[in-house]
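Biologist: Got a minute to go through this one? Please pull up the sequence and the model.

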Amino acid sequence: MKEYDLVIIGAGPGGYEAAFEAADLGMKTALVEKDHLGGTCLNRGCIPTKSLLHGAELYRKMREASLFGITAEAISYDPGKMQERKEDVVLQLRQGIEASAKRKKVDILRGVGTVCGEGSVLLRAGENEEILKTKNILIATGSRPAVPPIPGAQLKGVVTSDELLDCKEKIARLTIIGGGVIGVEFASLYQALGAEVTIVEAMPQLLPSLDKELAQSLKMLLKKRGAAVYTGAKVTAIRPGEGGGLACDFVADRPETAQADRVLLAVGRRPCTEGLFGEGISPLLERGRIVVNEKYETSLPNVYAVGDVTGGVMLAHAASAQGRNAVRGMAGLAPREDHRFIPSCVYTDPEIACVGLTLDQAKAQGIDADSRKALMTANGKTVLCAADRGYIRVVFEKQSGKLMGAQLMCQRATDMISGFTQALCAGLSVSELAQVIRPHPTFSEAVNDALKQ
Ligand code: NAI
């Protein structure tokens, strides 16, 4: 019988980062995975989406190249080849995880893991079954797309992000149900590829978990580029539509129908807990998610959980940090990362990134806060790149000037947000942030413009 200090179930960013941390701390570690290494992020999420988005943006920029005096004719794209490129990227990164696991002497065990007793994990691979004995168990099984109970949601051509990411055909018309992060990223992707895109969002704004102003700016931009965007809309049915496609019926201000080749369901994700616990064993669950405390302990002794399976912020970087910190906790060490501030990024063009509080959130918490905003229209790098409208907003406490949060919609926002995250962790004020000389010409110069007003 194999014996370990730690058995991790699920090799996504939560699981493999935890495994590497554990190995670095000298724990004998096994990583159990039933599918490919890398989890949702690498195989069905962040990396494939961003790889396709990168290609699609390049295609759009090439079509607009005449602005820069460049003649680019007969430009076209091949969805099959875009898929091949995406697969290459995924494979390369997957091999990187495998190589790191090998170097760090983490055992990768292929199969389905089930917690079957205290300190026991049943590993099943086809007909083979084996019991792993371990001091600690970490669950990092992630999430899967939710399918809403909409009539017609099971029709052929109605897909989730999992299927759309593998699509090798050109799509001329796409209807997206749900204008959250997945919805708007796929809208950007297919718009850049020249498709007619319709977004139907139930809440009054796109990206309901983010600032209103960001959502409004994005809505205007998507509409400017030709998308139809409906917010506060209720989908009533999906049914066979014109030209062999699908019709999506919904009620916005009035009843509407969107015709499309595919309908993407992007209405959230659900934690994966099926088959994870043997008979008579169950940790405390709440609406399908595993409940954990601040040390990532579940209600079962020596069983921890991190990432999407615990609900909350379903982000790869949050899962990784949780995984590392959970392992450090098992070893009696303090967390390395500060969990108070987790940046959120949306890979539209321009990008969106936020951290900390919005002005409304700060005020709702009784903080006497104010904000400043720099428009990217005055930023040299933005003008020379002919990038679309955007801004940087900083939120701070009025009296002390202490930074409370930042919301960015501009080129490289997803890189720039780290500076603000660091400033928040360090408790810096806006005047301290303004002491830095930022190079010219860069997008980040606009940070100084926002700070100095
Ligand atoms: P989400 O929770 O961000 O958005 C789902 C949207 O669907 C919400 O706006 C909701 O109001 C809407 N909705 C729900 N039911 C609906 C209905 N019947 N009709 C119309 N609209 C409906 O979930 P999403 O976009 O599926 O993403 C799942 C998770 O993956 C999120 O937690 C997200 O943070 C994460 N993710 C993160 C990315 C990033 O960091 N760049 C990229 C993609 C996903």
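Modeller: Here is a short run through a pocket, a helix and one residue. This is a predicted model, where local features need pLDDT of at least 70, side-chain atom pairs count only at pLDDT 80 or more, and totals for chains, interfaces and linings use all residues. Residues are numbered from 1 along each chain as its sequence is written, and side-chain values use heavy atoms, with hydrogens and water left out.

Biologist: What volume does the second largest pocket have?

Modeller: About 810 Å³. A pocket here is an open set of points on a 1 Å grid where a 1.4 Å probe fits, with protein on both sides within 12 Å along at least five of seven lines; lining residues have an atom within 4 Å of a point. The volume is the space filled by probe spheres set on the points.

Biologist: Which lining residues are closest to its centre?

Modeller: E57, R60, K61, D349 and Q411, out of 27.

Biologist: And which helix gives the largest share of that lining?

Modeller: Helix 3, with 7 residues. Helices are DSSP runs (H or I, at least four residues), numbered from the N terminus.

Biologist: Switching topic. How many residues are in helix 4?

Modeller: Helix 4 has 25, residues 79-103. Its buried residues (under 20% relative accessible area, 1.4 Å probe, protein chains only) include M82, V89 and I97.

Biologist: What about Q191, buried or exposed?

Modeller: Q191 is buried, at 8% relative accessible area. Q191 sits in helix 6.

Biologist: Which residues does Q191 touch?

Modeller: Leaving out residues up to four places away in sequence, R63, V197, L222, R225, G226 and A227. Contact means heavy atoms within 4.5 Å.

Notes. Helix = DSSP H or I, 4+ residues; strand = E, 2+ residues; numbered from the N terminus. Expected span 1.5 Å × (residues − 1). Buried < 20%, exposed > 50% of the residue type's maximum accessible area, 1.4 Å probe, protein only.
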